[in-house]
Amino acid sequence: MKASLLKEEFKTNKYDEMLKDLYEDASLVDYQKDRYANALDKFIELYGDENVSIYSAAGRSEISGNHTDHQHGCVLAGSINLDAIGVVARQDDVINVVSDSFNIAPIHLNDLDKKDEEEGTSEGLIRGVVSKLKELGYNIGGFKAFITSDVLVGAGLSSSAAFETIIGTIIDGLYNDMSIDMVTIAKVGQYAENVYFGKPCGLMDQCACAVGGLISIDFKDTEHPVVNHVDVDFSKYDHSLCIVDTKGSHADLTDAYGAIPAEMKDVAHYFGKEFLREVDEKEFFDHLADVREAVKNDREILRAIHFFKENARVPQIVEALNNDDFDLFKKLIKESGNSSYKFLQNVYADFDYKHQAVSAGLALSEIVLGDHGVSRVHGGGFAGTIQAFVENDFVPEYKKEIEKLFGEGSCHVLKVRKLGGCKVVEE
């Protein structure tokens with residue numbers, strides 16, 4: 001369908017129910033209608049009034065399993081109702097993408113080799129996703145797209161994973177009839193981020209963005225991660241999921257992120273293993289003094305302790321949700337946050353101790369919330385966001401107090417949405 005006609009259909013309320021189902025919040029329908037219409041206008045401005053389709057990829061919120069995925073551990077995460085959407089049309093041999101205000105250089109399909117100068121860029125992510133899909137034997141082809149995202153950049157909601165997912169989903173929809181398994185889309189995104197973008201990361205972000213819903217993931221076999229949906233509606237517990245953007249900068253944090261898996265692996269190597277998931281926890285604690293003497297880095301020991309306890313905590317949290325024991329769920333979330341703060345130590349960067357926005361947010365949250373909720377560091381840490389589960393009636397008070405510190409609009413009340421990467425509207 002022509003972009004102009006599709007825009008009119010959004011304006012005439014044809015897609016209202018679809019938007020309500022996709023974003024899990026009737027109050028967002030008008031906002032999303034305007035957002036989609038504006039995206040269609042932008043596509044027309046860039047490329048002309050062509051037949052288009054629309055794709056979406058969700059951001060994600062990690063519930064538990066902080067920095068366990070890269071050690072082949074377990075996580076619990078959910079896709080959220082902040083997403084990237086792309087208005088897309090086919091074309092031959094080249095990919096042209098404008099993403100919000102970023103005019104990304106064309107990617108020619110006859111040149112998909114990694115380029116060192118593209119590390120840390122959107123071009124690198126696109127080239128990496130398409131290259132890996134081709135390597136896996138899937139059909140690839142060109143397209144032109146306008147992509148806009150309301151997933152907060154650099155805030156721990158996986159804006160890069162959402163971008164990787166939407167690129168993979170577009171290729172899937174245009175050239176593979178939406179036949180590619182979403183876990184494969186996730187693994188392709190991780191490959192692009194690790195190899196072409198140059199950022200070490202596990203698979204959790206991409207899985208949560210691509211698969212959708214609230215999911216538990218066991219990465220013991222990373223080639224075949226076990227993904228299970230957890231059927232829970234947080235609204236029935238009269239609590240809301242709040243994500244607070246503490247406005248901290250992620251600049252210069254790559255080494256801080258990279259040190260976590262490197263240090264955990266260093267402990268694993270003492271036992272002749274590559275990842276901590278392969279190390280017996282009892283053997284680790286039985287030989288704790290010997291490991292400490294060998295690695296000569298107490299932070300490595302503490303981070304290994306975090307892994308063992310956090311990895312065991314994930315199935316406990318899943319069980320609590322399955323048993324409708326929300327009080328136990330909150331208790332375990334608080335334990336998870338304490339472990340990240342004290343043992344994993346990813347709440348602020350030690351080389352920049354004067355900037356502790358996440359620490360300040362957690363301190364204020366604990367004081368303000370009292371018995372009305374729990375909070376913890378969210379995602380990779382060091383900067384970005386904190387997560388809070390807050391009693392519905394107390395959300396306005398929490399939002400008011402936390403925004404005094406971080407500014408109006410810094411507290412986002414989110415929903416877990418059912419779909420991750422998906423085709424929203426057919427061509």
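**Two helix pairs, two crossings**

The crossing of α11 and α12 is left-handed. Keep in mind that this is a predicted model. A second helix pair, α5 and α7, has a right-handed crossing. Two packed helices are described by the angle between their axes and the distance between the axes, so here is how each pair looks on that score.

**α11 with α12**

- Helix α11 covers residues 298–322 and helix α12 covers residues 326–344; their axes sit 10 Å apart, at an angle of about 165°.
- Angles over 145 degrees count as roughly antiparallel, so α11 runs roughly antiparallel to α12.
- On the α11 side, the residues that meet α12 include Leu302, Ile305, His306, Arg313, Ile317 and Leu321.
- From α12, the contact takes in Phe326, Phe329, Leu332, Ile333, Glu335, Ser339 and Phe343, among others.
- Sorted by class, this α11–α12 contact has 12 nonpolar, 5 polar and 5 charged residues.

**α5 with α7**

- Helix α5 spans residues 159–175 and helix α7 spans residues 204–211; the two axes come within 9 Å and cross at roughly 55°.
- What does that make the pair: parallel, perpendicular or oblique? An angle of roughly 55° is neither under 35 degrees nor in the 65 to 115 range, so α5 and α7 are oblique to each other.
- Ala161, Ala162, Glu164 and Thr165 are the α5 residues in this contact, and they meet Asp205, Gln206, Cys209 and Ala210 of α7.
- By class, the α5–α7 contact comes out at 4 nonpolar, 2 polar and 2 charged residues.

Definitions and conventions:
Residues are numbered from 1 along each chain as its sequence is written. This is a predicted model: local features need pLDDT of at least 70, side-chain atom pairs count only at pLDDT 80 or more; totals for chains, interfaces and linings use all residues. Side-chain values use heavy atoms; hydrogens and water are left out. Axes are lines fitted to C-alpha atoms, for helices over the stretch in contact, and angles run from 0 to 180 degrees between N-to-C directions. Helices (H or I, at least four residues) and strands (E, at least two) are DSSP runs, numbered from the N terminus. A crossing is left-handed if the near helix is turned anticlockwise from the far one by less than a right angle, and right-handed if clockwise. Contact means heavy atoms within 4.5 Å. Ala, Val, Leu, Ile, Met, Phe, Trp, Tyr, Cys and Pro count as nonpolar, Asp, Glu, Lys and Arg as charged, and the others, Gly among them, as polar.
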